[in-house]
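Visitor: I would like to go through this model piece by piece. Please keep the answers short.

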Amino acid sequence: MAHILTAVSGSEADVVPITRALISVSDKAGIVELCTYLASKNVELLSTGGTAKKLRDAGLKCTDVSDYTGSPECLDGRVKTLHPKVHGGLLGVRGNAQHEKDMEENGIGKIDMTILNLYPFEATVAKGAAFEQCIENIDIGGPSMLRSTAKNHAFTTIVTSPDQYDEVKATIEEHGGTTLAMRKRFAARAFSLSASYDSAIATWFTKELGEDSPVVTRVYKPEFPLKYGCNPHQKPAGISSLLNSNLPFTVLNGTPGYINLLDAANAWLLVKELREATGLAAASSFKHVSPAGAAVAVPLTEVECAAYEVTPEAAAKLTPSALAYLRARNADPMCSFGDYAAVSDIVDEDTALILKKEVSDGIVAPGYSPEALEILKSKKGGKFIVLEAKADFKPDAVEYREVYGMTFCQKRNDIVITKEHMTKNVVTKGGLSALSEDAIRDMIVASICVKYTQSNSVGFAKDGMMVGVGAGQQSRVDCVKLAGRKVTTWYLRQHPKVLGLQFKQGVKRQDRVNARVRYIEGDFTDEERTRWEAQFETVPEPLTTAEKDEFMKKATGVTVSSDAFFPFRDSIDHASKVGVSYVAQPGGSVQDAQVTQCCDDYGMVMSFTSVRLFHH
């Protein structure tokens, strides 16, 4: 059994004045300002190489570590700080008689603070550097000083990131030195950094050898707490970033919750990919981590204007972003109540004004005009959540998730859905020539939408917008029926009798939306009918089943996309009832021939994309 060391005792102090600091940083952001402050407090500065030059160029006096130790840097700089005068100065226990004696006999002075960050190993690997160059960028001296300083945190302060510099200055200014509480926190972060750094090296090295990594260490930095998780009893909750990485969003307004952020991440990726795939401004409307609607900027017809309560004149003036969100919100306005919105382009005043009148929790976009931001910040009494997506954020290729003591990892679903997926394998009669550009666009819209919909999922699209999304069903045909019902409702909202409903003055927008849907459904209880009828100047005549069926016979040009293959023809049979003309699915079922024949029977055009898009 390994020998376990006993604790080494010394004097105890909460506040430790800083008299000597050792600085060796690869990221030099803010280092001159921090060292200028330390020098103003009569702190002696020790440094190495490029950091020393940076400080001297700024007019600061600093001593080279080689001069301090009496040993020159050697072996191409591999040995700079690995010296008893450095590590003894960091590890010596203050107030311990033996340590004090050893330090005096060996000419070791106390070093109270180390400011460092490590060689950019991961960045070197990411650039595709050769094996030997990656090896050279494995820091040895830095982690050694980091661990020595962090271990002796009772007396020494380890600073590992520029985002700690302001706290260091403020604490010294207030207390005359660093506090024990701060030193402990900084030490914990330093050991986390060390673990992450070593894990990255081990993972890379074993991959280079063609072996599985023996350990994976992921170190997280808490960014901000959340009120609770999915439910109020799920506390504590919070958001963290990977150490040395940023979050993908900046919070400009409001306080996002757990589900808000899940919605925002998925909604943003959806519109970002729609924008890239179609070249059109895109928007989505999310609820509970699935889209209620999604769309690209395609002009509205006159009947759509009437159904969406916008005049043709106003619609013609809408900016692409506003048009995309108007369509996305009106795919299923009942389900979009209280949505989380995403827009692919800069949010302008037009888009903000549409959002202003809707019941919505928040929005994510790449930016906002000043006018739009002021409108959105005033929504919900100032609580409307506004997130700005960071254009330069790049997620890791592999993602992780913890469930019930198991850690799952997989390559992120970074497949890029393109026109080629829709055109390379058209399996029905007529082939590629039967596909119009509008149909290809709608196939892309529907397929990217189901990529970010809880599986099993099926989505219907027309004129650049989702008109029915069926999420999270165990049976694929049930997905089709669920989404198909939404398609029917979307179509029937354009029925003359629905457009002609005469509401009383003062009936709210969402109440009008809900009333129209219930009119289309028609299955009122007696109590519900009484309250529903009270919203109208004149009680409407029922919309009969025959009238609905007759109107739906005109439905055509709809696209359906499925996140996995259709196992039987029943899904296609049902899709034929809601105007489906185009089908996009991965293919790969033993029943592909039967499903293809079914499409031919109905005159549908079907493409096999060869890409499954399960999302869980």
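Visitor: How much space lies in the largest cavity?

Guide: This is a predicted model, in which local features need pLDDT of at least 70, side-chain atom pairs count only at pLDDT 80 or more, and totals for chains, interfaces and linings use all residues. Residues are numbered from 1 along each chain as its sequence is written, and side-chain values use heavy atoms, with hydrogens and water left out. A cavity is a set of points on a 1 Å grid over the protein atoms alone where a 1.4 Å probe fits but cannot get out; points join across faces, edges and corners, and the volume is the space filled by probe spheres set on them. For the largest cavity that space is about 80 Å³.

Visitor: Which helix gives the most to the lining of the largest cavity?

Guide: Lining residues have an atom within 4 Å of a cavity point. Among them here are Ala307, Tyr308, Glu309, Arg509 and Arg516. By class, the lining has five nonpolar, one polar and four charged residues. Four residues come from the top contributor, a DSSP run (H or I, at least four residues, numbered from the N terminus): helix H21, residues 509-521.

Visitor: Which residue meets Arg516 in a salt bridge?

Guide: A salt bridge puts a side-chain nitrogen of Lys or Arg within 4 Å of a carboxyl oxygen of Asp or Glu. Arg516 counts as buried at 15% relative accessibility, where buried means under 20%, exposed over 50% and partly exposed in between (1.4 Å probe, protein chains only). The partner sits 207 residues away, in the loop between helix H12 (302-307) and helix H13 (312-317). At 2.6 Å, N to O, it is Glu309.

Visitor: Is Glu358, the salt-bridge partner of Arg509, buried or exposed?

Guide: The Arg509 and Glu358 side chains meet at 3.0 Å, N to O. Arg509 lies in helix H21 and Glu358 in the loop between helix H15 (349-356) and strand E12 (360-365), so the pair ties together parts 151 residues apart in sequence. With a relative accessible area of 6%, Glu358 is buried.

Visitor: How many salt bridges does a search of the whole structure find?

Guide: Side chains of opposite charge can pair when their charged atoms come close. One further pair is Arg518 and Glu528, at 2.7 Å, N to O. Shared partners join Glu309, Arg329, Asp339, Glu358, Arg509, Arg512 and Arg516 into one network. The whole-structure total is 37.

Visitor: What is the class make-up of the lining of the second largest cavity?

Guide: This cavity holds about 40 Å³. Its lining includes Ile417, Met422, Ser447, Gln585 and Leu613. Ala, Val, Leu, Ile, Met, Phe, Trp, Tyr, Cys and Pro count as nonpolar, Asp, Glu, Lys and Arg as charged, and the others, Gly among them, as polar. The result is six nonpolar, five polar and no charged residues.

Visitor: Which helix gives the most to the largest nonpolar core?

Guide: Such a core is a set of buried Ala, Val, Leu, Ile, Met, Phe, Trp, Tyr and Cys residues joined through side-chain atoms within 4.5 Å. This one has 72 residues, and Ile363, Leu376, Phe460, Val580 and Val583 touch the most other members. Seven residues come from helix H19, residues 476-492.

Visitor: What is omega for the cis peptide bond that joins Ser455 and Asn456?

Guide: Most peptide bonds are trans. Asn456 is in the loop between helix H18 (437-451) and strand E16 (457-462). Its cis bond to Ser455 has an omega of about -10 degrees.

Notes: Helices (H or I, at least four residues) and strands (E, at least two) are DSSP runs, numbered from the N terminus. On a 1 Å grid over the protein atoms alone, a cavity is a set of points where a 1.4 Å probe fits but cannot get out, and a pocket is an open set with protein on both sides within 12 Å along at least five of seven lines; lining residues have an atom within 4 Å of a point.
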